[in-house]
Amino acid sequence: MTSRDNRTGSATKRSISRRSLLAAGAIPVIAVAAPATAQSGVTVNPAASRQTIRGFGAMNHTVWIADLTAAQRETAFGNGANQLGFTMLRIPVHEDRANWSREVATAKRASELGALVFASPWNPPASMTETFSGGKRLRYDQYGAYAAHLNDFYEFMGDNGVDLHAVSVQNEPDYAHDWTAWTSAEIVRFLRENTAAIGTKVIAPESFQYRKVLSDPILNDAQALANTDILGAHLYGTQPADFPYPLYQQKGAGKELWMTEVYYPNSSDSADLWPQALDVGEHMHRALVDGQFQAYVWWYLRRSYGPMREDGQISKRGANMAHFAKFVRPGYVRVDATATPQSNVYTSAYRGPDGRVVVVAVNKSGSAVNLPVTIQGSTATSVSSWRTSSAGNLVAQNPIAVSGGAFTASLPAQSITTFVTGEGSVDPDPDPEPGGSCQGRVEVVGDWGSGWQGKVSVTAGEEAVDGWNLNWTWPGGQQITSAWNADWSQTGSAVSASDIGWNARIEAGQTREVFGFVASGPATALDLSC
């Protein structure tokens, strides 16, 4: 095993180039800030919903480094002054059950403070593995035992006061120098055949570099996808151009997309190096806006290069994370906003369930910027703001007046600022109500005897449909075991299913396939009413 403070290939080209320059005796040039100038502005549309945010957090691994202290747990997962406000904790599923109890104290306190806890395994128990030409793998006759092992960890944590939200199949199966390797076909097989034995949500594949060759097969296999709750990825060396994932947008509706591990830009520099720490703010912006991730999780929570220093204080990199974590809370929705109003300035916006709007602005340029911001439909009269720069971390600023939803954001050179409106400043639920009449149909896609796959289509009437809700009763005791692209439930033989937003609208007279499912019992086609 490795503590991975310096992993091969994780440093970006930028960090390698910098080391080379410094080794050669190059002297860094300090730019002199120019006077602030007005720039093209930012328009926020709170009614244009994108992804729902799950949270922000980091990893605690008590076998490789010492556990957090009681005070450090408060700093990590509390949301007061000088606290990070993290809402997610990742822990390992140790192959040795004797180590499971080591993760309880921090996980339990994080859970008590409202954080979501999830886990990733590096290796199955040694008795379940074998060596092969590519390293170490799970024996094919041990898939069922391994699923039971993961479920045992879930139950162990529950018995010790931790509601484990999800468990991964494998940490970085494509970077298995020191842990267990999996091919995409092996992951798909495990998802198809064994995850029913796991009592919590399932994450896969956690590629170390968001390699789509590992996740595409999951998205392209209906049964594997149905048995996957969260598509997990790491971003080591992944270029921003590879953050978008069209196939996930096409087929992954109803499945969450999490970034479950990274450190950035490297693990060699101090987390307090400024302005380099602003790279974290930009990286988070790109992950959330370009990648549309719903979670952003760092590697070690406490490390010299991490969000918390070894002395338990928040680092500059940690402050960048806190600009998101403290204000963009679980359940907030990212909304449309001008992402790059000018070179080296990055803005994103989020709508809270209480009608607040949060705007995070990263200014990596050497000049101050006065940035006009317009929040469409906002009734806010002022915004509060917090700033991190070379001068301080998360420093509260004076309130800024808002008129007609507009204000001017003052962004010092090389800084990150979070702006927050008051409660009720926008409609917290702007999505249109369902309307129009429609007809539905269940069709059989495949039948393998012990089960079958169906698809459901909806046809709009003379008017377009802006939302659908289907209800039916099975005639032969059929039971839906999994479904995708719908909010569904089944009680007895009665089924209810409705849209999940992106698939709500059907134009007048048009037919659209809206969701699919896997069921037991006789394969049956039905005509439905909306």
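**Close-up 1. Thr-417, a buried residue in strand E21**. In this predicted model, Thr-417 sits in strand E21, which covers residues 415–421. Is Thr-417 buried or exposed? Thr-417 counts as buried because its relative accessible area is 0%, and the cut-off for buried is under 20%. Set aside the neighbours within four places in sequence, and Thr-417 still has plenty to touch: Val-359, Val-360 and Ala-361, then Ser-385, Trp-386 and Arg-387, plus His-323, Ser-410 and Leu-411.

**Close-up 2. Domain 1 and domain 2**. The domain assignment builds domain 1 from two pieces, 42–46 and 337–422. Domain 2 takes in 51–330, and domain 3 runs over 439–529. How far apart are the C-alpha centres of domain 1 and domain 2? They lie 29 Å from each other. Domain 1 puts 24 residues into the contact, and domain 2 puts in 22 residues.

**Close-up 3. Helix H9 against helix H10**. Here the view moves to H9 (residues 278–289) and H10 (residues 316–325). Their axes come within 7 Å and cross at roughly 35°, and H9 passes H10 in a right-handed crossing. On the H9 side, the residues that meet H10 are Leu-278, Val-280, Gly-281, Met-284, His-285 and Leu-288. H10 answers with Arg-317, Asn-320, Met-321 and Phe-324. Sorted by class, this contact has six nonpolar, three polar and one charged residues.

**Close-up 4. Helix H2 crossing helix H3**. H2 and H3 pack at an angle of about 40°, and their axes are 10 Å apart. That angle makes H2 oblique to H3. As for handedness, H2 passes H3 in a right-handed crossing. Which residues meet at this crossing? From H2 come Arg-73, Glu-74 and Phe-77, and from H3 come Ala-105, Thr-106, Arg-109 and Ala-110. By class, the contact of H2 with H3 has three nonpolar, one polar and three charged residues.

**Close-up 5. The buried residues of H2 and H3, and what they pack against**. In H2 (70–77), the buried residues are Gln-72, Arg-73, Thr-75, Ala-76 and Phe-77. These pack against strand E4 and helix H3. H3 spans residues 104–112, and its own buried residues are Val-104, Thr-106, Ala-107 and Ala-110. What do the buried residues of H3 pack against? Two helices are on the list, H2 and H4 (143–159), along with two strands, E4 (88–93) and E5 (116–121). A handy reminder for reading a helix on screen: an α-helix has 3.6 residues a turn, so residues three or four places apart point the same way. Just past the end of H3, look for Gly-114, which takes a positive phi of about 100°.

**Close-up 6. Ser-498 in strand E28**. Ser-498 belongs to strand E28, made up of residues 494–498. Ser-498 counts as buried because its relative accessible area is 18%, with the cut-off set at under 20%. What does Ser-498 touch once residues up to four places away in sequence are left out? Its contacts are Trp-468 and Asn-469, together with Ala-486 and Asp-487. To place Ser-498 in the wider model, use Thr-381, which is 117 residues away along the chain. The C-alpha atoms of Ser-498 and Thr-381 are separated by 38 Å.

Definitions and conventions: Residues are numbered from 1 along each chain as its sequence is written. This is a predicted model: local features need pLDDT of at least 70, side-chain atom pairs count only at pLDDT 80 or more; totals for chains, interfaces and linings use all residues. Side-chain values use heavy atoms; hydrogens and water are left out. Buried means under 20% relative accessible area, exposed over 50%, partly exposed in between (1.4 Å probe, protein chains only). Helices (H or I, at least four residues) and strands (E, at least two) are DSSP runs, numbered from the N terminus. Contact means heavy atoms within 4.5 Å. Axes are lines fitted to C-alpha atoms, for helices over the stretch in contact, and angles run from 0 to 180 degrees between N-to-C directions. Angles under 35 degrees count as roughly parallel, over 145 as roughly antiparallel, 65 to 115 as roughly perpendicular and the rest as oblique. A crossing is left-handed if the near helix is turned anticlockwise from the far one by less than a right angle, and right-handed if clockwise. Ala, Val, Leu, Ile, Met, Phe, Trp, Tyr, Cys and Pro count as nonpolar, Asp, Glu, Lys and Arg as charged, and the others, Gly among them, as polar. Domain bounds come from an automatic or database domain assignment.
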